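Reader: I should be grateful for a close look at the part of chain A that touches chain B. Please set that part within the chain as a whole.

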2 protein chains.
Amino acid sequence: MHKILRINMSDLSVKTEEVPVAWAGYGGRALTSTIVAAEVPPTCHPLGPNNKLVFAPGLLTGTVASNSGRLSVGSKSPLTGGIKESNAGGTSAQIIAKLGIKALIIEGLPADDKWRGIYIDKDGARIEEETELIGMGNFAAVQVLNNRISKSAGVIILGPAGEMKMLTSNISVKDPDSHLRSHGRGGLGAVMGSKKIKFIAIDPTGAQPMKIADPVKFKAAGMAFTKFLLNHPVSGQGLKTYGTDILVNVLNEAGGLPTHNFTTGQSLNAESISGETMYANIIKREGKPSHGCHPGCVIQCSQVYNDAEGKYLTSGFEYETIWALGANADVKDLDQIAKADYIMDDLGLDSIETSVMFGVAMEAGVLHWGDGTEIIRILKDEIGKGTPLGRVLGAGTGAVGRAYGVTRVPVVKNQAIPAYDPRSVKGIGITYATTPMGADHTAGYTIATNILGVGGHVDPLKKEGQIDLSRNLQIATAAVDSTGMCLFIAFPVLDDAACLQALIDLINARYGIALTGDDVVGLGKYVLKTEHQFNLDAGFTNKDDRLPEFFTLERLAPHNAIWDFTGPEIDTFWNF
Amino acid sequence: MHKILRINMSDLSVKTEEVPVAWAGYGGRALTSTIVAAEVPPTCHPLGPNNKLVFAPGLLTGTVASNSGRLSVGSKSPLTGGIKESNAGGTSAQIIAKLGIKALIIEGLPADDKWRGIYIDKDGARIEEETELIGMGNFAAVQVLNNRISKSAGVIILGPAGEMKMLTSNISVKDPDSHLRSHGRGGLGAVMGSKKIKFIAIDPTGAQPMKIADPVKFKAAGMAFTKFLLNHPVSGQGLKTYGTDILVNVLNEAGGLPTHNFTTGQSLNAESISGETMYANIIKREGKPSHGCHPGCVIQCSQVYNDAEGKYLTSGFEYETIWALGANADVKDLDQIAKADYIMDDLGLDSIETSVMFGVAMEAGVLHWGDGTEIIRILKDEIGKGTPLGRVLGAGTGAVGRAYGVTRVPVVKNQAIPAYDPRSVKGIGITYATTPMGADHTAGYTIATNILGVGGHVDPLKKEGQIDLSRNLQIATAAVDSTGMCLFIAFPVLDDAACLQALIDLINARYGIALTGDDVVGLGKYVLKTEHQFNLDAGFTNKDDRLPEFFTLERLAPHNAIWDFTGPEIDTFWNF
């Protein structure tokens, strides 16, 4: 039943292929990174004919296992020049899995200038010219496709930013309420834009339940696993109530909330942008404090955030976006940030890359610190319309730094550093430096252990233990990203070995195999090493595994913290 | 008498230091690259406090040897991220040498936001706050400094582009007519801008003639050397009459004139932008067909190019600029190109990087092909004023490609490829790929042997012999760049061993030493290896020694030529 669907945009052909034996045990990130490494020349131009876009649901996606509905997309990143995997929720992953599609590989560039849509259904795929949706924002385009196909169709969609091949562009995916989730970071929207694909619609008609090799064991493991998720204070309570924005006050107290373009570690705005404030607004304005990004999610970290009149403003309103505009760009007003978040979703802009970019743009004098009104105008009228200012800002944080001669530019491998200052939370600095993805907190979320006390404790201000912590988490994350599970399952997994066993039992029962914990670690190591090798073959060196110089020159209040890892110390990360 | 002048912008101190013994045998590029490699951390931010700007006259600069008046400047390039040396004529080099300054090292960043000027004289240097000249174009600023100091003062000046730290910015230097020459490529203006130095003025009062160890031998060698320069058909006749623009028709006939952003190898505009047309205009309009960029130049490849009313338009009007706007951006009108050239000189913009960028911008739809009027407007009103469009274009060819999602982006190490298509002139492709400078024809000018029949002949369309040719020329060029000699002396040197011997005799007579030809080759190899190692330490790999992918995918008319060197073949360049 499992197959590879290969779509070639050069000759507009669609092929269904057997799954090669070597790929059979992989899903999600393991599969996208394996295919990208096997088929994409590492030195190719990321927007040229030799790059590919690979979509793959995880190993458990399509089953009823809680939180297993994530879709991975892999490619060579036009932002970093290295390999990229990005996974998101939404409804497409589960439909793709239930149609028996193990991976969708899109290759080539069209010979003409036409935009196209790809329609996938139980019989395969067809490519059709698209005109109606071109230039249309994501929210409206999803509505058109709902009407054109059905509300239950999966939709993977490219916003105007991706159409313009901006390096800040995402690939977006429809959620259960026809709102949006994002395959963020790495500018993969530009790759989809280079192939001139506006959307991929997946018709669920005829989708089959996943075959489960041992249904009894699967059901038992699933119930145990769900219980662990619900009983953990982070995945079962904190995230459900306050969303990821719970972290504003936590990081502000820890002195690790990068503020005013990474010049200090605490923000005077923390209270007004905190998860607690968000929650109070949601209750008062009759939004939803909890919301799942895909069917089967029990963590429900998303929400529906309304304006003061009770009208929908945004959902999937994440800490990193709120931090980047609220603390790092000094915008006080949470509603302005929510409006900006909506516009970024509508345009298909990465809300971390874009928001961190605004901090550098403010330092360059492009706009005033804290000017949320101007941010909203720039998003809509400049970036959204591809004006010259929109083009320079839409090229991302590193590009703005280079265009304006700014030296305090928080990027690794040209990708913006997210919401945790590496000087005062040193473990995350190791993750930023070493992950093949470019600066990315999700690649090895040491905040869990450095700040939240999950999986033990490693003092965030000291160097001791950080490299091991980041390595272990990056290996575990690479494995989790291959299962189709949401990363937030890691909280109970890190705290209780029995939760990890339940996850392994789910995989074993699904496929009738007998993986051990060591096998899972082995999978994570394989993924990381495959990705690292791709980057080395693309021309990366250990010099790319470094934080920007300013972290080593400027101390961060309130802890007077500095980034003091040497190059050789960081390089030991790869000793495994 | 020889000394190092060290200026620290952080504490505004000036120190005079002894020349370290290890540096005594170096001048020009050998010295700037040695100092940069010794004192600049390869991974530092090029606009941060750890980068330095090093000026050094060549080994023969200040003597009466013909064409020996060039000044080298070295730094870590903010455009390429690698080491950069750029040399230019003008009057400053000879004055600096005669004041006994072997190198000027500028380090640190000012603690405040003030602009400053540096005044050098026989007693040392002083740093003074500057307000009058800030924002002023180079031509007017030179006039102010002539009035403020004297017309005979040397002036090294930063244009508005450099003030704005644009990656396309040069450092400019006053020529004998108070016009300008450029330390081009690599965006070194941005480094000077980061240190907030508007100018360096050098007062010649008290300058001493250079000590010559063996004046008789020096005079004889000098006369022989000059005769070789004057008797060679290229250095003695072609360049003097038509300037470097003589190459338009030559390259067009060879099918190596990149046209319409490197999509074909011949231009319909060739006639209207050729050296022959330029010469006819100069004669008709009473300009000067021949002009020296520094005292003692006998090649006189520069010129004064007037408009139809006989008013000065530009000088130092080079083939590469004319090609990039005239063929590669399809601008037919040589006078428009001359106006653009003047504006670029006035703003302190690299005319290769900026002009090649326009080809990519045209491909991106920013302006129409061949629209010289719009180019002039953009230069003056957008780049010159640092508008958003000016910022994105002012960041250079690679940046424009990334901002607009263009894949046909002719850069190596993020620096624009000049006026010779590597598919149909393969030797120069090896130079573009391998030189530590980023794409740079001057680093190893294989056009001499591939096209002009100087130093033998190597078929430009075949792979055979190109790597050896480029290597030998790059080694020779690194040595020549260390003498203070103009690169065009290479034409007779390549054709006659006796001319090389005269050059060596000049050095030996000047210093009372006994260098051999092997020593000169050894010097060239040392320079190249030192620069290459800096780049490796900065994170470059052999993957950076590659041409853009499109040269391997798109064939070039009229020869249907493709770039077919493999990576391992290119890597043999470094086997020496």
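Author: The answer begins with the chain as a whole, turns to the contact, and ends with a single residue. The model shown is predicted. Chain A contains 576 residues, of which 64% are buried. Its secondary structure amounts to 24 helices and 17 strands, and the C-alpha trace extends over about 60 × 50 × 50 Å along its principal axes. Among the contacts in chain A with a separation of 6 or more, 72% join residues that are 24 or more positions apart.

The part in question may now be considered. Chain A gives 29 residues to the contact, and chain B gives 29 residues as well. On the side of chain A that touches chain B, the elements giving two or more residues are the helices α5 (188–194), α15 (388–394) and α16 (397–404) of chain A. By character, the residues on this side of chain A comprise 13 nonpolar, nine polar and seven charged.

One residue of chain A may be examined individually. A:L553 belongs to helix α23 of chain A, which covers residues 550–553. A:L553 counts as partly exposed because 16 other C-beta atoms lie within 10 Å, whereas a buried residue would need 20 or more and an exposed one 12 or fewer. A separation in sequence may also be set beside one in space: A:L553 and A:Q501 are 52 residues apart in sequence, and their C-alpha atoms are 44 Å apart in space.

Conventions. Residues numbered from 1 in each chain as written. Chains lettered and ligands numbered in written order. Predicted model: local features only at pLDDT ≥ 70, side-chain atom pairs only at ≥ 80, totals over all residues. Helix = DSSP H or I, 4+ residues; strand = E, 2+ residues; numbered from the N terminus. Contact = placed C-beta atoms within 7 Å. Nonpolar A, V, L, I, M, F, W, Y, C, P; charged D, E, K, R; others polar.
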